[in-house]
Amino acid sequence: MTSIWELANPQLRDLAVYQPGKPIEETARELDVDPGAITKLASNENPLGPSPKAIHATRAAAENAHLYPDGGGFYLCKAIAARLGLAPENIISGNGSNEVIEFLGHAFLNLDDDVITSEYAFIVYKLIATSFGAQTIETPSPDFQQNLDAMLDAITPKTRLIFIPNPNNPTGTLISQRKIDRFMSRVPENIIVVFDEAYFEFLDNPPDTLRFVREGRNIVVLRTFSKIHGLAGLRIGYGIAGADLIEVLQKTRQPFNVNSIAHAGALAALNDDAHQRETKRVVDEGRAYLQEQFTEMKVRFVPGMANFVRVNVGDGAAVFERLLARKVIVRPLKGYNLPEWIRISVGTMDQNKKCIAALKDVLK
Ligand SMILES: *Cc1c(COP(=O)(O)O)cnc(C)c1O
């Protein structure tokens, strides 16, 4: 009998399926406990939940769920553009910002092209590049700082896209404005640079990359409603770029890629400044608490810029399992070639305290 692998695209053979944070329901089932007893700090979700305005708007939008959505998300793109001082033609909405990464693959990648990113970068760039048959060049990042000079040096005639997550997940480190400016002054015009800014709203002094969109450079900035807005389950994010580049990406998307409920929720969340401010406050406070505790416990950590902290626990996989048994889900980073590390998302203070108590118990 013919193996299905003789029929499937060969680049899929070695492609690993994305490993998400372990779900609450699955853990509750395995431990035979109530889902409410589980603390999940594994996927950098908003500990306060969605914006109450977004919940209200999604309920109202459900009344019209029999109608196909406005595929382009006219009102949302208009509102995002107005906030950024850009035009609606500079915005494309995606089924999560991850879908915009896939649009970039459809638009710019062919078999054997090169994509450049950093070692320890968000894994989705490589998954999508691989699915299009492109190679991913990962430049070394020995001190966990992404090295933009190394990325420039790695450029080949086949390089199409460079992915720069800022701050990066899972390392949590941020690239400065000065380094970004220097990089942008040297990167060739024929390469598309993608700044993934999923955690932008958590930064105190975020670098400005939209200036390069305004200057007409070949850059795409990715943002999402999954993190500070608390809408990860609705799957909605967006890309920001020059109108000509967005026009290309529009041709790559399915007619109704983002559903009407997500568009309505995102629009309401965008305008809920109070919820964003409160989320940042809770995250700032929680991150400071976690880092203070790690210092006291003498465990090594990398100060986080976003809503998560990376901690060296010696054997990440074992500590992950032992925390699970104590009803706390974190993220082991073995898949990122960081086997000693776990990533802990900042939760509510109650969740943070439960996590620290469990970790103390596990490490004693
Ligand atoms: C969480 C995250 C995203 C968000 O992806 P969505 O598809 O919008 O949920 C994107 N990039 C990075 C680096 C992230 O950590």
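Visitor: Is Lys 354 buried, partly exposed or exposed?
Guide: Bear in mind that this is a predicted model. Lys 354 has a relative accessible area of 43%. Buried means under 20% and exposed means over 50%, so Lys 354 counts as partly exposed.

Visitor: Which residue does Lys 354 form a salt bridge with?
Guide: The partner sits in helix H13 (residues 349–363), four residues from Lys 354, so about one helical turn separates the two. That partner is partly exposed, at 48% relative accessible area. The closest N and O atoms of the pair are 3.6 Å apart, and the residue is Asp 350.

Visitor: What about Lys 280, which residue does its side chain meet in a salt bridge?
Guide: Lys 280 is in helix H11 (residues 273–297), and the pair links distant parts of the chain, 76 residues apart. The other end lies in the loop between strand S6 (192–196) and helix H8 (210–214). The N to O distance is 2.6 Å, and the partner is Asp 204.

Visitor: Of Lys 280 and Asp 204, which one counts as buried?
Guide: Asp 204 has 58% relative accessibility, so it counts as exposed. Lys 280 comes in at 18%. The cut-off for buried is under 20%, so the buried one is Lys 280.

Visitor: And how far apart, N to O, are the side chains of Lys 364 and Asp 361?
Guide: Lys 364 counts as exposed at 77% relative accessibility, while Asp 361 is partly exposed at 31%. Their side chains meet in a salt bridge, with an N to O distance of 2.6 Å.

Visitor: How many salt bridges does the structure hold?
Guide: The Lys 364 and Asp 361 pair is one of them. The total for the structure is 20.

How values were computed. Residues are numbered from 1 along each chain as its sequence is written. This is a predicted model: local features need pLDDT of at least 70, side-chain atom pairs count only at pLDDT 80 or more; totals for chains, interfaces and linings use all residues. Side-chain values use heavy atoms; hydrogens and water are left out. A salt bridge is a side-chain nitrogen of Lys or Arg within 4 Å of a carboxyl oxygen of Asp or Glu. Buried means under 20% relative accessible area, exposed over 50%, partly exposed in between (1.4 Å probe, protein chains only).
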